[in-house]
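Let's take a walk through a protein model and see what its residues are up to. Keep the viewer open as you read.

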Amino acid sequence: MKNFTAKLRDIQNLKFPIVKAAFKGQDDKIYVGAMMIDTGSVNCILNKSVLPLLGDNARINERSMTIHSVQHKGVECQAYSFSFRMGNGMFSDTFFVNSEINFDQLFDFPFIGIVGYRFLINHGLVLDYETETLHSSLGTIEGVNEDYAFFFPMSFGLKNYNIPVVGLVCDNKEYILVADSGANTTILTKHMVEEAGIVESWSSEKGNVTSFTNETIDAAYCDVTLSLISIGGTAENPKIFHTTDCVQVTDEYPYLMDGFRDSEGNDILPISGLLSSAFMLKNKWVLDFSTGIMFQRNNGA
């Protein structure tokens, strides 16, 4: 969609990329709420509290899907046809409903649902933490590699993991992290941070993580150094984006998801963490789903 734009609402406080949205209910009233832009979700997800406002013909009876979360745990989700306004654009798509979780418990404002990355690809959109907007892509990336502190294609992750990922390196070991705007805090496994040796300091603060399957995972906080693979440099001296983050660490699983194989059937690296929306906001990342590039300009954070 050309010339589309929507402001990320209160992003500095919420950390999640939330945009204002509206839809017409079966009673012909207009209902206003929020959509979250979730690059860690393949599909669009509708809050189950919206269902009573929709007509009976919204349900797609012959279609449902098992949507997976941590450790490939899945929940069966029913499909619904849903039309809504977001920014200066009107959209229609298939949304799935998780009957086991009510997103109203997580937010203190009317929450409509989640827009997944396939939607962003189909409409050529950019999640832009630099301008704090969701907008249509120009279809090209300006400048040269030297203009960017970080520059990485989504194609590797979409092909091998069905999700956008980045690579972290430490002492010749590599780890895979999801670029997940649906996570407000970066989440890593204890197995990974200890093996990589990236912890700077531990905090006494404790927390927990709620997954899409409504599972609660205990976590501790720590400060870490991150060395992310970027396009550029040479085989002898590859380009690495060095930064820091305060993260949540879980010791419930050695990996968040494993058992992946490439197109030839070969085992590939498991997923060891989720790189959060707060991290991408701090570093002013831009995720262009038309060109398939994630980047941070040299004048970023």
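## Buried or not?

First, a bit of vocabulary: a residue is called buried when its relative accessible area is under 20%, exposed when that value is over 50%, and partly exposed in between. Also keep in mind that what you're looking at is a predicted model.

Now try Ile-37, which sits in strand β3 (residues 30-37). Its relative accessibility is 0%, so Ile-37 counts as buried. Who does Ile-37 touch, if we skip residues up to four places away in sequence? The list is Pro-17, Val-19, Met-86, Val-115, Leu-120, Leu-127, Leu-134 and Ser-181. Folding also brings distant parts of the chain together here: Ile-37 and Phe-119 are 82 residues apart along the chain, yet 9.7 Å separates their C-alpha atoms.

## The nonpolar cores

In soluble globular proteins, nonpolar side chains tend to be buried together. In this model, the largest nonpolar core has 61 residues. Which of them touch the most other members? They are Met-35, Phe-82, Phe-84, Met-86, Leu-228, Trp-285 and Leu-287. A second core, separate from that one, has 16 residues, including Phe-16, Cys-77, Phe-103 and Ile-114.

Zoom in on Phe-82 for a moment. Leaving out neighbours within four places in sequence, its contacts include Phe-23, Met-35, Leu-46, Val-50 and Leu-54. Also among the contacts of Phe-82 are Phe-91, Phe-95 and Ile-112, along with Ser-92 and Asp-93.

## Two residues with long side chains to follow

Lys-48 is in the loop between β4 (44-46) and β5 (59-68). Its relative accessibility is 31%, so Lys-48 counts as partly exposed. Beyond its neighbours within four places in sequence, Lys-48 contacts Val-97, Asn-98, Ser-99, Ile-101 and Asn-102. With Ser-99, the Lys-48 side chain reaches the backbone oxygen at 3.0 Å. As for Ile-101, it is 53 residues from Lys-48 in sequence, but the C-alpha atoms are 7.8 Å apart.

Next up is Arg-59, in strand β5. At 39% relative accessibility, Arg-59 is partly exposed too. Its side chain makes a polar contact of 2.8 Å with the side chain of Asn-61, and another of 3.3 Å with the side chain of Gln-78. Gln-78 is 19 residues away from Arg-59 in sequence, with 7.8 Å between the C-alpha atoms. Setting aside neighbours within four places, Arg-59 is in contact with Gln-78, Ala-79 and Tyr-80.

## Backbone oddities

Most residues other than glycine have a negative phi. Which way does Asp-10 go, positive or negative? Its phi is positive, near 50°. Asp-10 lies in the loop between β1 (5-7) and α1 (11-14), and its 44% relative accessibility makes it partly exposed.

Asn-172 has a positive phi as well, near 65°. You'll find Asn-172 in the loop between β12 (165-170) and β13 (173-179). With 86% relative accessibility, Asn-172 counts as exposed.

## A pocket to explore

Finally, look for the second largest pocket, with a volume of about 180 Å³. It is lined by 13 residues, and those nearest its centre are Leu-138, Thr-140, Asp-288, Phe-295 and Arg-297. Which elements give two or more residues to this lining? They are β9 (125-128), β19 (286-288) and β20 (293-297). The lining is a mix: six residues are nonpolar, three polar and four charged.

Conventions
Residues numbered from 1 in each chain as written. Predicted model: local features only at pLDDT ≥ 70, side-chain atom pairs only at ≥ 80, totals over all residues. Heavy atoms only, no water. 1 Å grid on protein atoms, 1.4 Å probe; cavity = no way out; pocket = protein on both sides within 12 Å on 5 of 7 lines; lining within 4 Å. Points joined across faces, edges and corners; volume = space filled by probe spheres on them. Helix = DSSP H or I, 4+ residues; strand = E, 2+ residues; numbered from the N terminus. Nonpolar A, V, L, I, M, F, W, Y, C, P; charged D, E, K, R; others polar. Buried < 20%, exposed > 50% of the residue type's maximum accessible area, 1.4 Å probe, protein only. Contact = heavy atoms within 4.5 Å. Polar contact = N/O pair within 3.5 Å; in protein donor to acceptor, adjacent residues only side chain to side chain. Core = buried A, V, L, I, M, F, W, Y, C linked by side-chain atoms within 4.5 Å.
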